[in-house]
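Please go through the model below and its main features, beginning with the interior and ending with the annotated region.

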There are 2 protein chains.
Amino acid sequence: MKTTTAQDETAAPPRRAAAPAHGLSTRERIVRSASLLMQRQGYDGTGIKQISREAEATLGSVYHFFPGGKQELAVAAVQHGDQEFADALREVLAGEDDPGVAIIACCRMLADGLRASDWIEGCPVTATALGTAGRAPDIQQAAAEAFARWQDLVFDKLRQPGTGIAEDDARDLACTVISTLEGAELAAQVSRDDQPLRAAGKHLSRLIGSYRA
Amino acid sequence: MKTTTAQDETAAPPRRAAAPAHGLSTRERIVRSASLLMQRQGYDGTGIKQISREAEATLGSVYHFFPGGKQELAVAAVQHGDQEFADALREVLAGEDDPGVAIIACCRMLADGLRASDWIEGCPVTATALGTAGRAPDIQQAAAEAFARWQDLVFDKLRQPGTGIAEDDARDLACTVISTLEGAELAAQVSRDDQPLRAAGKHLSRLIGSYRA
DNA sequence: GCATCTCTAGAACGAACGCTCTATCCGGTA
DNA sequence: TACCGGATAGAGCGTTCGTTCTAGAGATGC
């Protein structure tokens, strides 16, 4: 059988999530499966037994690592999605010098991910956060922290030397960039078409350009 | 660890009753309750029995009017939310002459609605559509039609006489306006703060202005 | 050897799920 | 009066839910 010693997951390497994922600790497999399933089906649509089955772990293991039950697991899943997307965002943003061009590249990345999953894997935290809006404050807080982190990454890109964008403007712009990326990904997912993401990239780039000194 | 179900993870705050006043047909009460509950809790988080209870109807009535079960009811709920939001959008857009100013007014309307519901009632179709992404094509199509209708309303506003915005530009702009409104509402809901909506209004107005002749 | 601890394994519980079913009420028609 | 179809009413079906529980496997220390 699969004997995995408890090896605390170190700094998360930028790796795309997959359903089976052998070679990982039991805890890590559980979190990844939970993150992926809740991304697709939301909080209420995903059962603990489905997660344990998908992670090739048993119910006992799930409750061993997450005594707080489904809520605690959901928080870990959201935080996992947070880090995963932050890593991808950081990489894409670093790949282009001009902030506007970099945002367009982000839109392309989102569109590629959506299309590759047949339009079922949207934002890794939205579906989980939306279904637990008023009833699970810790899940919502984890989602809010994710949004804030992504916003900071965009802010840093907008404030890199040479852009000439004022700090206050950059702060607001970063907020709108994340909002628009989220909304465009949602619209693309619902309409099964990447047009909203292409339009969002074009317009965000133009908007950013209008703030440059 | 106490034995609770997903129904009450936190002490529920005093929420507006989903049960509409009398004077509406049974079918209408069912649709309205379904729309409101799914807006708050998503598709999987909302039970048919909960809907019938809130609507002050019985299970028999629900299945009498919706023989297709939960899915058929969800489609009707999404279409109801579609029309409801379209009416509000139409009214607000008509209240301002300048398209940019009108969009800012839309953001304010969304922020007011969110705050009034203690940040739990977001977009009336997003939560339902997101939880059924790959498994209920008819629900997804109803959501896509809603987005398209709203986009058309914005398009008409952008193309009203005197704006000087080209048709192709207006088409793309309308798409991004809806995406950004959706995303900003989502971000506002998650962070329990209307700042994303205020930033979105400011930036959308500026973006629209940049396309005027 | 024994003790101890972490982790795995899955049966079992009560509650809620979507849905089916039969029975009853009720206004309009014959 | 009898009848009939639309609407209401809810008990009950089988399934799944989140969670709890006990038992055992495997490594480590004495």
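In this predicted model, the largest nonpolar core holds 132 residues, and A:Trp150 and B:Trp150 are the members that touch the most others. In soluble globular proteins, nonpolar side chains tend to be buried together. A:Trp150 fits the criterion for a buried residue, because its relative accessibility is 0%, against a cut-off of under 20%. In chain B, the contacts of B:Trp150 beyond four places in sequence are B:Gly81, B:Asp82, B:Phe85, B:Ala86, B:Leu89, B:Cys123, B:Val125, B:Ile178 and B:Glu182.

The tryptophan of chain A also takes part in aromatic pairing. Over all chains, four aromatic pairs are found. One of them joins A:Phe85 and A:Trp150 in an edge-to-face arrangement, with 4.6 Å between the centres and 70° between the planes. A:Phe85 belongs to helix α4 (residues 69–94) of chain A and A:Trp150 to helix α7 (residues 137–158) of chain A, so the pair links parts that are 65 residues apart in sequence. A:Phe85 has a relative accessibility of 14% and therefore counts as buried. Together with A:Phe147, the residues A:Phe85 and A:Trp150 make up one aromatic cluster.

Helix α7 of chain B, residues 137–158, contains B:Val154. Is B:Val154 buried or exposed? B:Val154 is buried, since its relative accessible area is 1%. Leaving out residues up to four places away in sequence, B:Val154 touches B:Leu89, B:Leu93, B:Ile103, B:Ala174, B:Val177 and B:Ile178. B:Leu89 and B:Ile178 thus appear among the contacts of B:Val154 and among those of B:Trp150. B:Ala170 is 16 residues from B:Val154 in sequence, and their C-alpha atoms are 8.6 Å apart.

The cysteines can be taken next. A disulfide is a covalent bond between the sulfur atoms of two cysteines. How many disulfides does the structure hold over all chains? The number is zero. B:Cys106 is in no disulfide, and its nearest cysteine sulfur, that of B:Cys107, is 6.9 Å away. B:Cys107 is likewise in no disulfide, with the sulfur of B:Cys106 as its nearest, at 6.9 Å. Because the criterion for a disulfide is sulfur atoms within 2.5 Å, the 6.9 Å between B:Cys106 and B:Cys107 does not meet it. B:Cys106 counts as buried because its relative accessibility is 1%, and B:Cys107 is buried as well, with a relative accessible area of 4%.

For chain A as a whole, the secondary structure consists of nine helices and zero strands. Chain A has 213 residues, of which 56% count as buried. Of the contacts in chain A between residues at least 6 apart in sequence, 65% join residues at least 24 apart. The pair of A:Phe85 and A:Trp150, in parts that are 65 residues apart in sequence, spans helices α4 and α7 of chain A.

The arrangement of the two chains comes next. A turn of 180° with a shift of 0.0 Å along the axis lays chain B on chain A with an RMSD of 0.1 Å. That is the relation of a two-fold axis. The same surface serves both copies, as 89% of the contact residues of chain B recur in chain A. Which residue of chain B comes closest to the rotation axis? B:Gly183 does, with its C-alpha at 1.8 Å.

A:His203 gives a view of contacts between the chains. A:His203 is placed in helix α9 (residues 195–209) of chain A and touches B:Asp172, B:Leu173, B:Thr176, B:Leu207 and B:Tyr211. A:His203 counts as buried because its relative accessibility is 2%.

Finally, an unreviewed UniProt entry places a "DNA-binding region" at residues 47–66 of chain A. This span is 70% helix and 0% strand, and its end C-alpha atoms lie 14 Å apart. A:Lys49 is in helix α2 (residues 48–54) of chain A. A:Lys49 counts as exposed because its relative accessibility is 57%, where the cut-off for exposed is over 50%. A:Lys49 and A:Val62 are 13 residues apart in sequence, with a C-alpha to C-alpha distance of 9.2 Å.

Conventions:
Residues numbered from 1 in each chain as written. Chains lettered and ligands numbered in written order. Predicted model: local features only at pLDDT ≥ 70, side-chain atom pairs only at ≥ 80, totals over all residues. Heavy atoms only, no water. UniProt positions renumbered as here; feature names shortened; annotations may be inferred. Helix = DSSP H or I, 4+ residues; strand = E, 2+ residues; numbered from the N terminus. Buried < 20%, exposed > 50% of the residue type's maximum accessible area, 1.4 Å probe, protein only. Contact = heavy atoms within 4.5 Å. Least-squares fit on C-alpha atoms with pLDDT ≥ 70 in both. Core = buried A, V, L, I, M, F, W, Y, C linked by side-chain atoms within 4.5 Å. Phe/Tyr/Trp six-rings, centres within 6.5 Å; stacked < 30°, edge-to-face > 60°.
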